[in-house]
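I opened a fresh page for this chain and kept my notes in the order I looked things up. Here they are, for anyone who wants to follow along.

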Amino acid sequence: MSDGGQGPGQGPHAGGRDPGPSTGPQPYPGDRAWAEGPGVGAAPAAQYPTEQYPPQQYPAQPAYGGPPAWSPPPGPGGDGSGGGAGGPRRKRRWPLVTAAVAVLALLAGGGVAVWALLGGSGGASSPNGAVTALAADLEGRDYLRAYSRMAPDEASLLTDLGSVLTGELQRLDVLRPDARADASLDTVTFSGLRFDEAGAEQVRPNVTITKLVAGTITTTRDPASLPFTDSFKAKVYPNGAPPAAVPETIDIAQVVREQGEPIRVATVQVDGEWYVSGLYTAADYALKDAVAPWPTTSVDARGAGSAQDAVRDLVQAALDADVRRVIELTDPTEMAALHDAGPALVDDAAGAQPTGARLVDLRTTETEVRGRTALSLASLTVDDGTGTGVTVTRTGDCLTISGVEGAPPQLCAGQLGSLVGAQVGTTPAVRQLVPRLAAAVLDVKVVTTEDGGSWYVSPGQTVVQLYADLLGALQPGDLDALVAGN
């Protein structure tokens, strides 16, 4: 087994992510709620109770401090809703957090041509500059410019996802060939988005959490405005598209008052400029819900000598419950947020028990997807820890299994389709479709990347490829049959 080790420039920000000097806002000891008002920028404060979220300092420290529990502390009902026994229950933030991150994800469809149209990135000189520029773009419906405010690596990943989804849905005659990729945002209106510049928290030298405190997001569900083909509309709306729903508005200032805290939006510094980051935002909320500070160190990238070795090492690390090694093997550019939050995950997994299994042999079939090396299973042999070897070999749409008592000698996509079809339905359309989907799952591709001579696994690109393979198994006639139910 080959391990390329860590070479120069192969830390968690290898591949162009430069933390830069620590010039952002200093840690702020507590959040504030804000009165609503016009415009983008800071606003006068109204106090509300602060949460325990220790501000970070940045003299170098040898390691992340004492391991906090990764799961949220139990509330009075023991359900992890926050607050100790007898203490106040903390309201869950995830619905609005998910909506905030989804705003960034919705921009993915417009990313295919964004760099060419804009002639460059949309980074800003400060964290507040990044989020206020994003707010102005959203309010002005300049979605391509708004897309450029995202961290470049995340924008690239979402560009690939948007391209795959748009291309496949057009092939399936769901979306019109001339459909604008950002058309789904036409039913969303942003107004008066405002951030508390003074309340921003610098949680790492290259990561600052900004605070969204006011504004409105109004959505109007209007099926007729979506860029579906006429044939698809006729299938799903046989009696004509329903009228537009009454607009629904989220008042962010009201949500802030109810939750007792602003909406946290992470920004990250890349090559000296600041961008909005959905992945760092998700990591920040995970740490906050666990009442854990941002680690002051990172899990360094340490790849393998080849694409196959990267996949082999990751599988073995998972069997060994070696969370640090799993993180080390993930793409350090795409998954920079995971590397930076990694020490908390490693501490939380300290008690995990290895399975005792050992990957004896792994063979893969190599293909290229979007300029990257992807590997699908050819065969693997695993020693279960007792000296018994289990071998799985892929032949076409079948898996041949040996070494497992009572297991069928061969399991094919058609058999999997029958098993799944028995659970989800027995119509002819389902019986024909499920085996093709099962074959696509059997052909799942793990996408790898090369950085500085070492190889890593790319979780994001692997998910994009899974979508591509599953949608690629469908044909336009499948949708007709599924909708008709025969």
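**Entry 1: overview**

How many helices and strands are there in the protein chain? I find 15 helices and 15 strands, where helices (H or I, at least four residues) and strands (E, at least two) are DSSP runs numbered from the N terminus.

Before going on, I note that this is a predicted model, in which local features need pLDDT of at least 70, side-chain atom pairs count only at pLDDT 80 or more, and totals for chains, interfaces and linings use all residues. Residues are numbered from 1 along each chain as its sequence is written, and side-chain values use heavy atoms, with hydrogens and water left out.

I looked at burial next: of the 486 residues in the protein chain, 46% are buried. Here buried means under 20% relative accessible area, exposed means over 50%, and partly exposed lies in between (1.4 Å probe, protein chains only). The protein chain exposes about 21,500 Å², and carbon and sulfur atoms supply 58% of that area. Those areas come from the Shrake-Rupley method with a 1.4 Å probe; for residues, only the protein chains shown count as cover.

Then I checked contacts, meaning heavy atoms within 4.5 Å. Among contacts between residues at least 6 apart in sequence, 70% join residues at least 24 apart.

**Entry 2: two helix pairs**

Two packed helices are described by the angle between their axes and the distance between the axes. Axes here are lines fitted to C-alpha atoms, for helices over the stretch in contact, and angles run from 0 to 180 degrees between N-to-C directions.

I started with α8 (residues 278–289) and α11 (residues 336–348), which pack at an angle of about 15 degrees with their axes 9 Å apart. That makes α8 roughly parallel to α11; the label covers angles under 35 degrees, while over 145 is roughly antiparallel, 65 to 115 roughly perpendicular and the rest oblique. The crossing of α8 and α11 is right-handed, that is, the near helix is turned clockwise from the far one by less than a right angle, whereas anticlockwise would be left-handed.

Which residues make the contact? From α8 I list Leu-279, Tyr-280, Ala-283 and Leu-287, and from α11 Ala-336, Ala-337, Asp-340, Ala-341 and Ala-344. By class, the contact of α8 with α11 has eight nonpolar residues, no polar ones and one charged. For these classes, Ala, Val, Leu, Ile, Met, Phe, Trp, Tyr, Cys and Pro count as nonpolar, Asp, Glu, Lys and Arg as charged, and the others, Gly among them, as polar.

My second pair was α5 (residues 152–171) and α14 (residues 459–472), whose axes come within 10 Å and cross at roughly 0 degrees. That makes α5 roughly parallel to α14. On the α5 side I see Leu-157, Asp-160, Leu-161, Val-164, Leu-165, Glu-168 and Arg-171, meeting Gly-460, Gln-461, Val-464, Tyr-467, Ala-468, Leu-471 and Gly-472 in α14. The contact of α5 with α14 has eight nonpolar, three polar and three charged residues.

**Entry 3: positive phi**

Asp-271 caught my eye with a positive phi of about 50 degrees, although it is not a glycine. Asp-271 lies in the loop between β7 (263–270) and β8 (273–276), and at 54% relative accessibility it counts as exposed.

Val-291, also not a glycine, has a positive phi near 55 degrees. I place Val-291 in the loop between α8 and α9 (307–319), where it is partly exposed at 36%.

**Entry 4: single residues**

Is Thr-449 buried or exposed? Thr-449 sits in strand β14 (residues 446–451) and is buried, with a relative accessible area of 12%. Not counting residues up to four places away in sequence, Thr-449 touches Asp-331, Arg-372, Ser-454, Trp-455, Tyr-456 and Ser-458. Its C-alpha is 9.4 Å from that of Ala-310, 139 residues away along the chain.

Gly-387 is in the loop between β10 (372–383) and β11 (389–395) and is exposed at 60%.

Last, I looked up Arg-324 in helix α10 (residues 323–328), which is partly exposed at 35% relative accessibility. Arg-324 touches Val-299 and Val-346, again leaving out residues up to four places away in sequence.
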